[in-house]
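Dear colleague,

Here is the structure I said I would pass on. My notes on it follow below.

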Amino acid sequence: MTTSTVLGRAPSELRQALQDNPKRRSRDLADQLGVSEAELLAARVDGETVVRIDPALDPLFARIATLGPVLALTRNEHAVHERDGSYEDYRSGQHAAMVLGPDIDLRMFPRHWVHGFAVNEGDKRSVQVFDAAGDAVHKVHLRADSDVAAFEALVAELRVEDQSDHIETTARQPVEAAKSNPEKLDILRKEWDGMTDTHQFLRLVSKLRMNRLGAYRIVGAPYVRALDPADLTAALYGAAEKNIPIMLFVGNQACIQIHSGPIHRVEPMGPWINVLDPKFNLHLRADKVAEVWLVRKPTKQGDVISIEAFDAEGGLILQMFGVRGADAARWAEYANTLGL
């Protein structure tokens, strides 16, 4: 295990760095200092402005549901997904849990929810959760019309006894590189043809000692087609221009966040491609997209078409699907024109 002190960055030093860089994004400053974002936030723990809280999902989401309208944020290294709404229809699970509201749609994996904090800076209040390595897995930011009294009740109920200003973190797990098994290619294709639900896919490739990207690289047509990385940006513009509702997934090992519906305003800004809609924002580092695949998976309701983007290490950045129902056909028709 490592702590900020072991790394040569005592909490007092981290607080000074924050004071010296008031406009610097916490994630960027943490990277510069060689610590995790959670360690940087922990250095500010004082039991009032920044409070350590229990990140266990059941009590946490029971309280988050009382906050009213908020901003939900989930990110990975190269994409940030922000969705406004209320947390509704939380469903508990030992290994996986869900929020299935009309606005905020999440899939969570509880074992990775390790460090929790509540931040109260007057007009800026948030709940922030990090994994064992100190990387952010999910954040909830209060809006002007959020319930402040409910936030205070959340802090009071979930506050833990330990309010020290440093945390222990483990080494960040490396991204699993593409893993293929060409000897099992015929079995992969046969069992791919036999899928009746997209959720069967990961079990299939795991059984064959492959992973998602490794399977895509060898399975070939008509199952997948490699696209140019620029086609991912083109797909965002196309969905907006043609008013095609999409499902857009961004996640990390602990949380996947999903937008379902149309997108409208797509704007570039330096290396970033952004969706800037009233209730949904996406920020994507387009220059970090190394591979894009058009993927067809059979289901009982017909083929599901997705566009999936990976970074140079093989990490999944995001996925785009059609919204279920009649709009899925419009998405499939459009997506199939990409890269031709």
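In this predicted model, helix H7 (residues 200–207) has Phe201, Leu204 and Val205 buried. These residues lie on the same side of H7, because the arc they cover around the axis is only 90°. Arg203 and Lys207 are exposed, and they sit on the face of H7 turned away from its buried side. What do the buried residues of H7 pack against? Their partners are helix H6 (185–193), helix H8 (212–219) and strand E18. After H7 comes Arg209, with a positive phi near 60°.

The pairing of H6 with H7 can be described further. Their axes are 11 Å apart, and the packing angle is about 160°. Angles over 145 degrees count as roughly antiparallel, so H6 and H7 are roughly antiparallel to each other. Their crossing is right-handed. On the H6 side the contacts come from Leu188, Glu191 and Trp192, and on the H7 side from Phe201, Leu204, Val205 and Lys207. Of these H7 residues, Phe201, Leu204 and Val205 are the buried ones listed above, while Lys207 is exposed.

E18 leads to the sheet it belongs to, an open one of nine strands ordered E5-E6-E7-E14-E13-E20-E19-E18-E12, with antiparallel pairing. Strand E5 (90–91) and strand E12 (224–227) are its edges, each pairing on one side only. Within the sheet, strand E13 (residues 246–251) and strand E20 (residues 316–322) run antiparallel and are joined by four bridges. Leu248 is opposite Met320 in E20. Helix H9 (residues 230–241) packs on this sheet, where it touches E12, E13, strand E18 (291–297), strand E19 (304–310) and E20. The direction of H9 makes about 35° with that of E20. Helix H10 (residues 326–335) lies across E12, E13, E18, E19 and E20, and runs at about 55° to E19.

There is also an open sheet of nine strands in the order E2-E8-E9-E10-E3-E4-E17-E16-E15, again with antiparallel pairing. Its edge strands are strand E2 (50–53) and strand E15 (266–269), each of which pairs on one side only. From one strand to the next, the twist averages 15°. Five bridges connect strand E4 (residues 79–85) with strand E17 (residues 280–285), and the two run antiparallel. Ala79 stands opposite Leu284 in E17. Helix H5 (residues 148–158) packs on this sheet and touches E2, strand E8 (115–120), strand E9 (125–130) and strand E10 (136–142). The direction of H5 makes about 40° with that of E9.

Regards

Technical notes. Residues numbered from 1 in each chain as written. Predicted model: local features only at pLDDT ≥ 70, side-chain atom pairs only at ≥ 80, totals over all residues. Heavy atoms only, no water. Pairing = 2+ DSSP bridges. Contact = heavy atoms within 4.5 Å. Axes fitted to C-alpha atoms, helices over the stretch in contact; angles between N-to-C directions. Buried < 20%, exposed > 50% of the residue type's maximum accessible area, 1.4 Å probe, protein only. Arc of directions from axis to C-beta. Parallel < 35°, antiparallel > 145°, perpendicular 65-115°, else oblique. Left-handed = near helix turned anticlockwise from the far one by under 90°.
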